[in-house]
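The following exercises are to be worked through with the sequence and the structure in view. Each task is followed by a solution in steps.

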Amino acid sequence: MSGAPFLATEHWWDLRDLSNISREILEFLDRVGPDWLAYVVSPLIGFVAAFLLFVLPSQLFVGVYGERRLIGRMQSRLGPNRVGKFGLLQPIADAIKLIQKEAITPRGADKWVMWTAPVVFVAPAVLVWAVIPFGPNMVIADIPVGLVYFLAITALPVLAAFMAGWSGNNKYSLFGAMRVVAMAISYEVALVLGLLGVVLFTSTMSLQAIVEWQREHDIWLVFLQPLAFVIYFISASAELNRTPTDIAEAESEIVAGYLTEYSGMKWGLFYGMDIGYALAAAAFGSTVFLGGWSLFGLEEWVPPWLILVAKTHLFYFVFIWTRGTLPRLRIDQLMALAWKYMLPLAAINLLVVAAERLWWHEAGLGDGIVYLFAAANIALALLLVVGWARVLGYRPERVPTRPRLVKHVGGYVAPGAETGGGR
Amino acid sequence: MLDVYGHIAILVVVAIIFPLGALVTSWALQFVRIRPRVPSDPVKEDTYECGMVTEGPSLVQFNFRFYYVALLFLLFDVELVFLFPWAAVFEEVGTVGFLKVLLFLTTFVVGGLYAWRKRAMEWG
């Protein structure tokens, strides 16, 4: 879409811009093949580059292996360490195991829906990468409504999860499916309201243009929209059913939620692509809020796609971190968080951003004003997060953190010993 | 401009072939005797309830509060659909557009507050 080339060189071996290689291939195909060949092949090159070379290996080795190892570390256990050196071949062993398992369809299950659900679940995980820009010229389809496209595509796996839960002919599956849908639609509203603030600032819904905007103004949107970023993070982890919010698959309550009747490759696709969606959410979050492939001028020297990959994995690490640290919440807590806490906050955030943007535009202020907005919005975010919790009646617990002398016991009492026991 | 949507259409085909390929490969392995033929044991096809015999139908009643959530979602999501075009053309519509959207949002704030008062956002 952008006209002028971003980097000085246009050699195919310049790895800073992989689109040079793709252009060479497409020009060659144009010379030797029919007219439509280059058009058909160009998204396939993007698919191979983005999905097969980055997402799938990353999903296997960072998602399946790294996540389990890291969570193992966080929970004082080892994690997979047997297959290959350091257990590095574990994902491949898992894949081989899953693909040769027999396919069980329980009696009374809706066979067609049950087999279609994994396909409906996996296909969007490939499609979301179409709009993620890996570099100035490296995006499969830079559509002008990329942000809405992303939201629409990531709403599809919810349908797949419901299909999976309903078709299994199992009570637990059905409960899990109902919970998935309730969770996803609750958090969707706050998520979209938060992202509207981003669109207000950038005046565009193309992800490439959002990255360009952040590059031009020398600021990441996470500073301009801290509240939206936090809301995005919580909502994404809720829609992905990751552990602090994974009531849909709560194994202590409803066996395995909507996946109770799934096994073998059908289950493997669900499991693998759960990680794929987490990765996609991380890539989208780093594109929209963390400057995407840009890094304050450094992208001229370091390959931009490497910057995005690094940011994606950092973002994903925070997903793993929260998963390893926080306990699971109850469904009433989660619903209250979505509707009573994040939705009003997102709405207030939207109005504030709209007012700021209006002032900026009507008064004809320069671009430097964004730093003032950033400071104001960070302060406002802190104030709102603490203040709204107070409005809803939350008071910080006063648990003693140091041992204190209690006279009538005749000694020191360990912190938490009074509250933790008999009551 | 519109040709990028064609690229997405091509990707849709690839995206459907990709999981189908995995499922078909897994299914085809039974003919080379790597995977057991299905069903190898009728007990495996029972509904899984941790070993208990299933009682009654599986499509049981569920909590009516899910309907509340769905209604609330409809209320707010329809609102969001209308807000996206406004956000994209914010500079053109300016103050007038902002005030109109403020009026539009007020109706939803009233609706949301009503739902809050009616305890639609409570669970259990």
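**Exercise 1.** Determine how many helices and strands chain B has, and in what pattern they follow one another.

*Solution.* In this predicted model, chain B contains three helices and zero strands. Reading along the sequence then gives the pattern α-α-α.

**Exercise 2.** Compare the radius of gyration of chain B with that of a compact globule of 124 residues.

*Solution.* Begin with the reference value: a compact globule of 124 residues would have a radius of gyration near 14 Å. Chain B, by contrast, has 26 Å. Next, consider the C-alpha trace of chain B, which spans about 70 × 50 × 15 Å along its principal axes. Finally, turn to burial: of the 124 residues in chain B, 18% are buried.

**Exercise 3.** Describe the contact between chain A and chain B, and state which helix gives the largest share of the side of chain A.

*Solution.* First, count the participants: 63 residues come from chain A and 55 residues from chain B. Second, locate the helices of chain A that each supply at least two residues to this side; they are H2 (35–74), H4 (111–127), H7 (171–202), H11 (264–288) and H13 (331–362). The largest share, 14 residues, comes from H7(A). Third, sort the side of chain A that touches chain B by class: 41 residues are nonpolar, eleven are polar and eleven are charged.

**Exercise 4.** Identify the residues that touch the most other members of the largest nonpolar core, and explain why this core lies between two domains of chain B.

*Solution.* The core has 146 residues, and those touching the most other members are A:Trp129, A:Val180, A:Ala190 and A:Ile231. H7(A) provides the largest share of the core, 23 residues. Domain 1 (3–45) and domain 2 (65–117) of chain B both contribute residues, so the core lies between them. For one of the residues named above, the contacts can be followed further: leaving aside residues up to four places away in sequence, A:Val180 touches A:Val158, A:Ala161, A:Phe162, A:Gly165, A:Asn241, A:Ala248 and A:Tyr258.

**Exercise 5.** Where are A:Ser76 and A:Phe86 found, and is each exposed or partly exposed?

*Solution.* A:Ser76 is in the loop between H2 and helix H3 (90–99) of chain A. A:Phe86 also has its place in the loop between H2 and H3. Although neither is glycine, phi is positive, near 60 degrees for A:Ser76 and near 55 degrees for A:Phe86. For the exposure, count C-beta atoms within 10 Å: A:Ser76 has 6 others and is therefore exposed, whereas A:Phe86 has 13 such neighbours and so counts as partly exposed.

Terms used
Residues are numbered from 1 along each chain as its sequence is written. Chains are lettered from A and ligands numbered from 1 in the order in which they are written. This is a predicted model: local features need pLDDT of at least 70, side-chain atom pairs count only at pLDDT 80 or more; totals for chains, interfaces and linings use all residues. Two residues are in contact if their C-beta atoms, placed from the backbone, lie within 7 Å. Helices (H or I, at least four residues) and strands (E, at least two) are DSSP runs, numbered from the N terminus. Ala, Val, Leu, Ile, Met, Phe, Trp, Tyr, Cys and Pro count as nonpolar, Asp, Glu, Lys and Arg as charged, and the others, Gly among them, as polar. A residue is buried if 20 or more other C-beta atoms lie within 10 Å of its own, exposed if 12 or fewer, and partly exposed in between; C-beta atoms are placed from the backbone. A nonpolar core is a set of buried Ala, Val, Leu, Ile, Met, Phe, Trp, Tyr and Cys residues joined through C-beta atoms within 7 Å. Domain bounds come from an automatic or database domain assignment. The radius of gyration is taken over C-alpha atoms; the globule rule is 2.2 Å times the number of residues to the power 0.38.
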